[in-house]
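Visitor: Please take a close look at the metal site and what surrounds it. I would like one connected account.

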Amino acid sequence: MLKIRYADLRKARPEVLILPVCREATLHTDGFLAGLVEKALRYESFQGKSGEHFVFFETPGLTATTTLLFGMGKRSKLNPESFRAIAGKAIQQCMKMRSSQAAFAVPDDPDMPLETGDALRALMEGACLGNHVFNRYKEKKKHTALRSIAFFTSREVAGRHVALAGEIASVCESVKRAREWVSMPANEKRPEMLAKTFAAAARKAGVRVEILDEKALKRKKFGALLAVSAGSGSRPRVVVMDHRPKGARRTILLVGKGVTFDSGGINLKPGNSLDGMKADMSGAAAVAGAVTAAAAHKTKHRVIGVLPLVENMISGDATRPGDIVTTYSGKTVEIGNTDAEGRLILADALAWAIDRYNPQITIDLATLTGACLVALGTKFAAVFSEDDALAAAVVAAGARTHERCWRMPLPEDYRELLKSDFADISNMPSSRWGGAITAALFLSEFAKNTRWAHIDIAGPAYAKKASAYCGPGGTGFGVRLLCDLLERELPE
Ligand code: BES
Ligand code: MN
Ligand code: ZN
């Protein structure tokens, strides 16, 4: 639980008090706190550099048992992400010390390059996101999340941010839920199960949910999606979430790739590449998280989430390379490679949902290509759109949330790489190069006549190692990005 406080910090009784500090500035105008920081900076072992921390126990004048100082480096270099990171690290430290509550003294130095309110927001995000461990499958839980985290600031700043704690908590809880869905093993989230899990979370937030089963998908002629799921013993589902507030002027459609395990199918992935393929439903997890958060804080737009869920497996019934299927749109696809399955399920989901909801804006999120990882690494997503304003809005939301997105091109002359001799289009490009681009071009064939952006999150969806405010596993990438877009950045 997050709380903003303006009472006297000296009399508050958190177990741990956390002070962010800089090398050359205490960051706190309160004389007592500044004195404490100066005292710590006199020790050679602590210079306030980024990554350093310093501990006082039982400080006279403070009721907190432990005071943790965290270095943030140079004051002139401070930015929201450095506050998120420091808060996440501090909370991890508190978990190691087995504390159940902590309080931050929010820096109020007027010479910081960002306002106290922005520092407060970033500290709250980092602390809330960092206060999470995925230990569902451990018998002995080594660390557990803190019960409450308080943020001490002035009465005036607290007054300007009364709604902030609730807002940040609803978004960050959705991020953490998305992380857990992604980290969950594939044997515990086969399409039928995951559909129920998503539906329960959405309904709890007041979202209307519909689950299309295999019969419904056959009736609706989702030929491409059904071809992907053919080799699996688990039946496909499409979950449709509908947040429909009264008086909504615009409909925003969000579609997320939900491959609960991607073996590659008959074009089986080689050993190393199978690793992490339980995370191939990260797009769906991000969309489910964003729609539930949007409903929880009453986003004014109608927001539709469409989550095609399949498992890409091998069996005697599996789709063969060379098979030709008819998609929902009527276009035929030659399946040149069964491992290019994401674009197949998205083709049906996009075309169907655009038909049914006639949205003003469509955005899909998908762990679509290994090529995207090669191009941008693990920290950036790629955004593709023919609409300059929409692409710019995604990039701007990415900068604000630090869920960074880089725009990539959709060159018309690359379309010929998707030509098939026998069908309308092939899911396998004829060239190895530019794989993230040809995948996006394939999708664009099914998102015709709408403002559409595709975000390839193959890199940032999953982290092998822990970072400042995210443990190893699913990162929940996309939830904060989409929430930010829905709240403030969608172009008219
Ligand atoms: N799910 C993979 C993409 C992926 C790879 C995500 C690594 C995260 C990490 C996708 O279904 C896939 O297999 N794409 C193929 C496409 C190719 C066969 C045209 C790829 O990128 O190799
Ligand atoms: Mn694949
Ligand atoms: Zn895949």
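Guide: What follows covers the two metal ions, the ligand beside them, and then a serine and two cysteines.

This is a predicted model, in which local features need pLDDT of at least 70 and side-chain atom pairs count only at pLDDT 80 or more, while totals for chains, interfaces and linings use all residues. Residues are numbered from 1 along each chain as its sequence is written, chains are lettered from A and ligands numbered from 1 in the order in which they are written, and side-chain values use heavy atoms, with hydrogens and water left out.

Start with the zinc ion (ligand 3). Its protein donors are Lys257 (NZ), Asp262 (OD), Asp280 (OD) and Glu341 (OE), at 2.0 to 2.4 Å. Donors here are N, O and S atoms within 2.8 Å of the metal (3.2 Å for Na, K and Ca); water is not among the atoms, so sites may look incomplete. Along the chain, the zinc donors follow the spacing K-x4-D-x17-D-x60-E. Six donor atoms surround the zinc ion (ligand 3), and the arrangement is octahedral because they subtend angles of 78 to 174°. For such labels, four donors count as tetrahedral if all angles lie between 85 and 135 degrees; four count as square planar and six as octahedral if opposite donors are over 155 degrees apart and all others between 65 and 115; anything else is irregular.

Lysine 257 sits in the loop between strand E9 (251–256) and strand E10 (258–262), and aspartate 280 in the loop between helix H9 (271–274) and helix H10 (282–296), so this pair ties together parts that are 23 residues apart in sequence. Helices (H or I, at least four residues) and strands (E, at least two) are DSSP runs, numbered from the N terminus. Lysine 257 is buried at 2% relative accessibility, and aspartate 280 is buried at 3%. Buried means under 20% relative accessible area, exposed over 50%, and partly exposed in between (1.4 Å probe, protein chains only).

The manganese ion (ligand 2) takes its protein donors from Asp262 (OD), Asp339 (O), Asp339 (OD) and Glu341 (OE), at 2.1 to 2.2 Å. Its six donor atoms make angles of 72 to 170°, and the site is irregular. Aspartate 262 bridges the manganese ion (ligand 2) and the zinc ion (ligand 3), which lie 3.2 Å apart. Aspartate 262 lies in strand E10 and glutamate 341 in the loop between strand E13 (332–334) and helix H11 (342–357), so that pair ties together parts 79 residues apart in sequence. Both aspartate 262 and glutamate 341 are buried.

Ligand 1 is surrounded by 17 residues, the closest being Lys269, Asp280, Asp339, Glu341 and Gly370; a residue counts if one of its heavy atoms lies within 4 Å. A side-chain N or O atom of aspartate 280 is 2.9 Å from a nitrogen atom of ligand 1, and a polar side-chain atom of glutamate 341 is 2.8 Å from an oxygen atom of ligand 1.

Serine 420 is in the loop between strand E16 (405–408) and strand E17 (425–426), buried at 15% relative accessible area.

As for the cysteines, the count of disulfides (pairs of cysteine sulfur atoms within 2.5 Å) is zero. The cysteine sulfur nearest to that of cysteine 470 belongs to cysteine 172, 12 Å away. Cysteine 483 is 9.1 Å, sulfur to sulfur, from cysteine 172, its closest, too far for a bond.

Notes. A polar contact is a pair of N or O atoms within 3.5 Å; within protein, one must be able to donate a hydrogen and the other to accept it, and residues adjacent in sequence count only if both atoms are side-chain atoms.
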